[in-house]
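Please load the model in your viewer and keep the selection panel at hand. The tour below proceeds stop by stop, with a selection to make at each one.

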Amino acid sequence: MTTDPAVDATARGLLVAWFAGTAFVGAAMLFWIQPLFAKMVLPVLGGSPAVWSTAIVFFQAALLGGYAYAHLLARLAPRLQVVAHAACLGLAALGLPFDASEAGLPEVGEAPALWLLGLMAMLIGAPFLAVSATAPLILRWFSHTRHPHARDPYFLYAASNVGSITVLIAFPFILEPALGLRMQALAWAFGFALLAVCVVGCGTMVWNRPARVAATSIGPSLGARQRLGWLAYSAVPAALLLGVTGHITTDIASAPLLWVAPLVLYLLGFVNAFARRPLLRLVPATRGMAWALVLLAVVLPWREPAVVFLPLHLGVFCIVAAACHLELAGRRPPPEFLTEYFLWVSLGGLVGGAFVALLAPLVFDAMLEYPLALVLAAALLPGRSPGVKTADIVMAAVILATIVGGAALFIWLGWPRPVFIVACMYGVLGAFALSRQVRPVGFALCILAFVMAGFADPWPDSDTVWRGRSFFGVYRVTDSADPPVRSLMHGTTNHGGQTSAADGLQPTAYYTTASPVAKALRATQALAERQRVGVVGLGTGALAYYRRERDLWRYFEIDPRIVWLAVESGYFQMIPQHDPAPAVVIGDARVTLAREPDRSFEVLIVDAFSSDAIPVHMLTREAVEMYLRKLAVGGVLLLHISNRLLELEPVVAAVTADLGLSTTIGRSGNPCEGDDPICAPSVWVAVAADRSTLDGLGNGWSTLEPAGNEYLWRDDYSSLVRVVRWTGR
């Protein structure tokens with residue numbers, strides 16, 4: 001009896017479709033839970049980009065656990081593998097749907113990163129581990145089939161990463177605007193059930209297939225050099241992923257939506273590398289990687305304009321990740337060693353991610369992990385002769401000496417720094433073009449020379465007097481001479497400062513005497529001999545300028561480093577001058593303020609939204625409702641909503657309208673127009689239970705435009721996509 005070739009072709013097509021679909025669904029589930037759960041806990045930790053980095057480290061660690069589980073499972077007979085994994089999926093489903101809202105909050109002094117890791121392990125560790133084992137198991141099971149491509153099942157990994165990319169793009173534009181967090185968690189639970197059915201279906205297709213190799217023969221045939229190669233070519237792109245994310249969201253354009261862009265590019269590298277016909281091949285990728293690293297190393301100290309340097313950083317990361325992933329794919333072993341291969345790849349991802357997210361903030365006071373990752377990438381330049389020679393070291397030393405000596409000459413001649421950078425860029429790129437045979441280690445030394453020279457920054461107009469970092473961000477204290485202004489910068493966002501005047505220090509930026517908040521405080525002080533004021537967001541302590549000696553002020557700040565800067569460091573004197581014994585409560589203000597007695601304040605100022613990575617949970621309906629409970633009868637809530645990236649007025653309008661509150665909006669007037677370094681344009685919204693309270697604020701306030709319910713943020717629902725200023729300000 002002969003078999004119909006058309007039937008065989010159809011069966012093979014259905015087989016590939018089922019396995020590829022399962023890989024797609026598994027990866028989509030894996031990468032859906034990441035932004036979903038991170039968003040659940042992000043507000044509790046102040047909206048810091050470090051929350052996302054720490055979450056990525058957990059996911060990489062859990063992925064390693066899932067791959068290790070798959071590797072151990074692959075030693076069993078196919079039937080036992082199917083039964084064991086079906087049982088694992090069933091047990092993991094018992095904890096679904098997950099909900100982080102009742103999980104508790106970190107105590108003051110507790111390490112936020114460790115608290116977050118523990119919470120994630122408790123709530124989503126089991127289902128994430130079960131889902132993460134899907135890709136290696138599906139690929140391994142496919143290798144047991146009679147399909148012609150069974151000897152090279154890695155193309156299914158490309159389908160898996162397409163699923164990852166799809167859900168990452170869908171999350172901010174489709175899932176987040178349409179569904180609340182609890183509904184998404186419920187939908188994820190249903191998706192988990194669908195995945196379990198797909199996985200069991202794949203298992204039935206190999207139910208009677210024998211294993212290709214004995215379990216005892218898996219390990220010894222692989223050498224240490226091969227395993228270290230897998231580790232290195234997966235660790236460096238993972239480190240660069242978090243490094244470039246931290247760099248562009250801190251120093252160029254701090255926007256949560258940008259967290260997804262590098263991750264999508266990272267996954268595209270995997271899709272290309274493991275596709276049966278890659279669009280980008282290794283040789284052109286390697287050449288592009290070398291040129292891209294040199295270009296970026298030369299211009300790395302530059303930050304503006306963002307429209308130029310944001311695409312540049314993302315483009316360089318894309319080509320470097322693609323080249324490393326192509327080399328990694330080229331080193332893939334036969335299917336017998338597939339699960340161990342992915343185990344080492346996931347270990348490399350964890351090592352690279354942990355270096356950036358956990359170790360670097362403890363060791364470095366600036367974002368040095370990113371340029372160091374670029375140097376390591378240069379050391380892994382594929383397709384070049386290994387090792388290092390004396391000529392490589394001499395070349396790096398000459399480059400460093402030339403840059404430093406050239407900088408000294410340009411400073412002596414009085415030429416500006418940009419001219420020097422351009423001269424270096426063209427000169428060194430030309431020199432590099434003449435030395436195409438440079439070895440990777442020597443190339444890395446050259447990149448290191450550029451990085452060191454760039455961070456030296458010897459130009460006399462350098463305005464940074466202090467820099468430091470914490471879990472919540474990277475900070476700089478800067479000075480300008482004319483007029484003398486000292487400011488606090490969080491990435492690219494100005495958080496206020498002080499300037500010297502004839503009558504002493506005065507606040508700058510959003511808090512000048514002409515600002516809406518100053519007018520509101522003067523108006524409310526005129527009605528009360530003694531005032532109780534709560535301030536959420538300490539900053540430089542600029543608002544303390546308006547405190548009278550008889551008033552009681554209480555500050556709520558999440559970052560102890562900010563408290564040190566404003567009160568103890570000596571860099572800013574506004575609080576020691578106007579409030580010698582400030583009452584500062586450290587912790588997330590949504591939590592610490594809730595512990596205050598009701599009716600505690602005549603004025604409550606919430607100044608937490610000027611950064612672009614805003615704490616969304618501080619502007620929800622439930623949050624504003626809590627603020628109103630803390631206000632005394634006739635009290636005023638002042639919300640500072642100045643923001644370069646987000647249009648927050650409709651959110652405030654929708655929330656306050658839903659609560660039946662009265663609002664009025666104040667914007668900085670003519671004194672803040674132009675390039676005045678003392679004043680920055682600001683937008684403040686005053687909220688009260690009664691309209692007559694707001695009438696007492698005087699002139700300069702106007703009606704807040706109404707907004708639809710689609711802008712109504714709740715603890716369970718918010719969408720940043722709706723309020724992004726896509727065309728700028």
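Is Ala509 buried or exposed? Ala509 is buried, with a relative accessible area of 3%; buried means under 20% relative accessible area, exposed over 50%, and partly exposed in between, using a 1.4 Å probe and protein chains only. Select Ala509 in the loop between β5 (504–507) and α17 (516–525). Its phi is near 60°, a positive value in a residue other than glycine. Helices (H or I, at least four residues) and strands (E, at least two) are DSSP runs, numbered from the N terminus.

This is a predicted model, in which local features need pLDDT of at least 70 and side-chain atom pairs count only at pLDDT 80 or more, while totals for chains, interfaces and linings use all residues. Residues are numbered from 1 along each chain as its sequence is written, and side-chain values use heavy atoms, with hydrogens and water left out.

**The whole chain**

Zoom out to the full chain, whose secondary structure comes to 23 helices and 13 strands. Of its 729 residues, 58% count as buried. Among contacts (heavy atoms within 4.5 Å) between residues at least 6 apart in sequence, 78% join residues at least 24 apart.

**The nonpolar cores**

Next, select Phe37, Phe98 and Ile447, the residues with the most contacts inside the largest nonpolar core, which has 140 residues. A nonpolar core is a set of buried Ala, Val, Leu, Ile, Met, Phe, Trp, Tyr and Cys residues joined through side-chain atoms within 4.5 Å. The largest share of this core, 15 residues, comes from α1. Centre on Ile447: not counting residues up to four places away in sequence, Ile447 touches Leu293, Val294, Ala297, Val375 and Ala378. Apart from the largest core lies another, of 42 residues, among them Trp466, Tyr546, Trp553 and Leu565.

**An enclosed cavity**

A search of the whole structure finds two cavities of 30 Å³ or more. The second largest has a volume of about 420 Å³. To find its position, select Phe31, Leu63, Tyr157, Tyr266 and Leu267, which are the closest to its centre of the 28 residues that line it. The elements giving two or more residues to this lining are α1 (5–41), α2 (49–73), α4 (112–132), α5, α6, α9 (260–274) and α12 (338–363). The largest share, six residues, comes from α1. By class, the lining has 19 nonpolar, nine polar and no charged residues.

The terms used at this stop are as follows. On a 1 Å grid over the protein atoms alone, a cavity is a set of points where a 1.4 Å probe fits but cannot get out, and lining residues have an atom within 4 Å of a point. Grid points are joined across faces, edges and corners, and a volume is the space filled by probe spheres set on the points. Ala, Val, Leu, Ile, Met, Phe, Trp, Tyr, Cys and Pro count as nonpolar, Asp, Glu, Lys and Arg as charged, and the others, Gly among them, as polar.

**Thr145**

Move to Thr145, in the loop between α5 (134–142) and α6 (155–178). Thr145 is buried, with a relative accessible area of 6%. Its side chain reaches the backbone oxygen of Phe142 at 2.7 Å. A polar atom of the same side chain lies 3.4 Å from the backbone nitrogen of His147.

**Helix α21 and its cover**

Select residues 621–630, helix α21: seven of the 10 residues are buried, so the helix is largely enclosed by the rest of the structure. The buried ones are Arg621, Ala623, Val624, Met626, Tyr627, Leu628 and Lys630. What covers them includes α20 (589–592), β9 (601–606), β10 (631–640) and α22 (649–658).

Which residues are in contact with Lys630, leaving aside its neighbours within four places in sequence? They are Leu593, Ala594, Glu596, Pro597, Asp598, Arg599, Ser600 and Phe601. Lys630 is buried, with a relative accessible area of 3%. From this list, pick Arg599, in the loop between α20 and β9. Arg599 is partly exposed, with a relative accessible area of 47%, and has a phi near 60°, a positive value in a residue other than glycine.

**A cis peptide bond**

Finally, select Leu96 and Pro97: the peptide bond from Leu96 to Pro97 is cis, with omega near -5°. Pro97 is found in the loop between α3 and α4.

How values were computed
Polar contact = N/O pair within 3.5 Å; in protein donor to acceptor, adjacent residues only side chain to side chain. 1 Å grid on protein atoms, 1.4 Å probe; cavity = no way out; pocket = protein on both sides within 12 Å on 5 of 7 lines; lining within 4 Å.
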